[in-house]
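Please look over the sequence and the model shown here, and then follow the paragraphs below, which move from one topic to the next.

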Amino acid sequence: RPAVASSSSAAFNYAAPLATQPSVEDIRKAMEFVTSTVTSTINEKDREIDELRRRLKEEKEQMEIYQDTMKYMQLALDNSQSMNDKLKEEIKMLNTQPSAASSERNKKIRT
């Protein structure tokens, strides 16, 4: 018999051409092939799962960094807005209250 083939139909090919009941050796070879194929497939899927887990972990870490960055940007924006509001109030007060120099000048003009 030929060496174990790599196709998925190889297990079937061991028994199909036999007109009589397969020998123990044929059954053993077929079972080895099936076991090998299943084990190989499981190992491949395990590697795929590990890679997906690794990528998910990386993406989760990137999302946490992004969320932290957004929090800090929001804090900076809030702080900037607060400072802007205070400056507007100061400007408004300066515009409504005459300055000391202008008050002195007005007094001199009146007298």
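How many salt bridges does a search of the whole structure find? The search finds 8 of them, a salt bridge being a side-chain nitrogen of Lys or Arg within 4 Å of a carboxyl oxygen of Asp or Glu. Before going further, note that this is a predicted model, in which local features need pLDDT of at least 70 and side-chain atom pairs count only at pLDDT 80 or more, while totals for chains, interfaces and linings use all residues. Residues are numbered from 1 along each chain as its sequence is written, and side-chain values use heavy atoms, with hydrogens and water left out.

The overall fold comes next. The chain has 3 helices and 0 strands, where helices (H or I, at least four residues) and strands (E, at least two) are DSSP runs numbered from the N terminus, and the pattern along the sequence reads α-α-α. Helix 2 covers residues 24–96. At 1.5 Å a residue, its 73 residues should span 108 Å, and the end C-alpha atoms of helix 2 lie 106 Å apart, which agrees; the expected span is 1.5 Å times one less than the number of residues.

Confidence varies along the chain, as judged by pLDDT, the predictor's confidence in each residue from 0 to 100. The chain averages 83, and 70% of the residues score at least 70. Among the elements, helix 2 has the highest mean pLDDT, 95, whereas helix 1 (residues 10–15) has the lowest, 54. Over residues 1–5 the pLDDT stays under 50, and for this stretch the model has 10 contacts beyond four places in sequence, a contact meaning heavy atoms within 4.5 Å.

Of the 111 residues in the chain, 6% are buried, which means under 20% relative accessible area, with exposed being over 50% and partly exposed in between (1.4 Å probe, protein chains only). In helix 2, Asp-26, Ala-30 and Phe-33 are buried. The accessible surface of the chain comes to about 10,000 Å², and 59% of that surface belongs to carbon and sulfur atoms; such areas come from the Shrake-Rupley method with a 1.4 Å probe, and for residues only the protein chains shown count as cover.

Helix 2 also holds several salt bridges that can be followed by residue. Glu-25 pairs with Arg-28, with their closest N and O atoms 2.3 Å apart, and because these two residues are 3 residues apart in helix 2, about one helical turn separates them. Glu-25 is partly exposed at 35% relative accessible area, and Arg-28 is partly exposed at 36%. Further along, the side chains of Arg-54 and Glu-51 meet in a salt bridge of 2.5 Å from N to O, again with 3 residues, or about one helical turn, between the positions of Arg-54 and Glu-51. Arg-54 is partly exposed at 38%, as is Glu-51 at 34%.

Glu-89 and Lys-92 form another salt bridge, at 3.9 Å from N to O, and both lie in helix 2, 3 residues or about one turn apart. Here Glu-89 counts as partly exposed at 42% relative accessibility, while Lys-92 counts as exposed at 51%. Elsewhere, salt bridges that share partners join Glu-25, Arg-28 and Glu-32 into one network.

A last feature is a nonpolar patch on the surface, formed by Met-63, Tyr-66, Met-70 and Met-73, which together have about 430 Å² of accessible area. Patches are made of residues with over 30% relative accessible area and no salt bridge, like charges being joined within 9 Å and nonpolar side chains (Val, Leu, Ile, Met, Phe, Trp, Tyr) within 5 Å. Met-73 has its place in helix 2.
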